[in-house]
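Trainee: Could we take a close look at one part of this model together? I would like to go through it slowly.

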Amino acid sequence: MSRPEQLVKGIQVWVPIPDLKNLQDWLMGNVVANAEGNNVLIELNDKKQTQKQYQINEVFIRNPPLLDGIDDMTALSYMHEPAILHNLRQRYDIDIIYTYTGPILIAINPYMKIPTLYGKEMIDAYCGQPFGKLAPHVYAVAENSFRSMIVEEKSQSILVSGESGAGKTESTKLVLQYFAAMGGRSTRGQRTIEQKVLESTPMLEAFGNAKTHMNDNSSRFGKFIEIQFDTQANICGAVLYTYLLEKSRIVRTQKGERNYHVFYQAIAGSSAKEKEKWNLSKDPSDYFYLNQSSCLQIDGEDDAETYQRTRSAMDIVGITQEEQDHIFYLLSAILLLGNIQFQEEKNDAATIKNEDILRRACTLIGAETSAVSASLLTRQITAGAESYTANLNKEKAENARDALSMLLYSKLFDWLIQRTNENIKAQAKIRNCIGILD
């Protein structure tokens, strides 16, 4: 907000205008006459050069053009919303997606790959450079954290935040890529710890990410990755912590969105022999949990190819072929559970219309069909010392089915995290850590 004495004739300012989506945008203008009282007359930089009165608290002074597009916005003469947005837009228009605000890095998702911005050459360029010496970059943040850990001999942390689709997951992967390059080689068997840490991310994306309206690869869970370093500053292990998995997505998906990637990957990429073994259909539209959103594919994404990367990542983090088979048995069973249909009898008690679907699902997970059927159709009620069985109606039976599906998937997800942590845990003495909260 500007002060009245600052708003003198001829000075350039920003004023708010509503855009077509009823969100606030900003337009440049010039003060026509010195401010009087709480109002000031502004000539807008539009086609008609409209003149309009604004309240002083709505008007923000524009920074000198010399500061347009600067690397670090703490150097702006005036720091306010329109100044920040203008500076970011100036940089984005010339394909510069990174900007500093002091120690904070702002990254604007370009929604396309920029190969020249990443890789070994860029990592080498930022290695050992003081923060702020080179152009803003996610590698600079990673380098600053890594060097601070070594010099100060203290653990560090990096917070990656933003709305859905902002690019948090990709930024986290780039930070991990940098640490892997800096962290030397700490081998265990035929794979390095760095590889296992990096490859755990694609696997987690398959089981924890989904297409939403905002983002084709949206993380539907939170994670904290602790990268552990030994006394030589080499990566010696890592620990993954996850929280708030969106379990409801398993059973209910909005129109235009998808369930978790792994379901579509398995259907598209598994062989005919694997489909037969896992009792898996060839078409995702055969499953209610997948077809209810009327969105089965992502433009430009090959689920069959991604499936191969997911399986490779499972191999790298140490999940055996037998364990992988059991994972897909369970995924297939969850999809079959979603196809179970109920009908109500005269007494409102629900019964299962397609018992064969239930039997197939139970066979896959090694459960007794009668026991699972009872859990879906009835519930035990205890009143004092007495206990009796009550029948569920159709709606409650469907809720019981969905609750079982969500429980199975969440337990599988937790097991994947546990199994991955067992394989990437530190074997050497841990000196310091760098935590990444995504």
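Which side chain does a polar contact of 3.1 Å join to that of R419?

Mentor: Happy to help! The polar contact joins R419 to E323, side chain to side chain, at 3.1 Å; a polar contact is a pair of N or O atoms within 3.5 Å, where, within protein, one must be able to donate a hydrogen and the other to accept it, and residues adjacent in sequence count only if both atoms are side-chain atoms. Before going on, note that this is a predicted model, in which local features need pLDDT of at least 70 and side-chain atom pairs count only at pLDDT 80 or more, while totals for chains, interfaces and linings use all residues. Residues are numbered from 1 along each chain as its sequence is written, and side-chain values use heavy atoms, with hydrogens and water left out.

R419 sits in helix α13, residues 394–424 (helices are DSSP runs of H or I, at least four residues, numbered from the N terminus). With a relative accessible area of 15%, R419 is buried (buried means under 20% relative accessible area, exposed over 50%, partly exposed in between, with a 1.4 Å probe and protein chains only). Leaving aside residues up to four places away in sequence, R419 touches V317, G318, I319, T320 and E323, where contact means heavy atoms within 4.5 Å.

So, to come back to your question: the partner is E323, and E323 is also among the residues that R419 touches. The buried state of R419 follows from its 15% relative accessible area.

Key
Helices (H or I, at least four residues) and strands (E, at least two) are DSSP runs, numbered from the N terminus.
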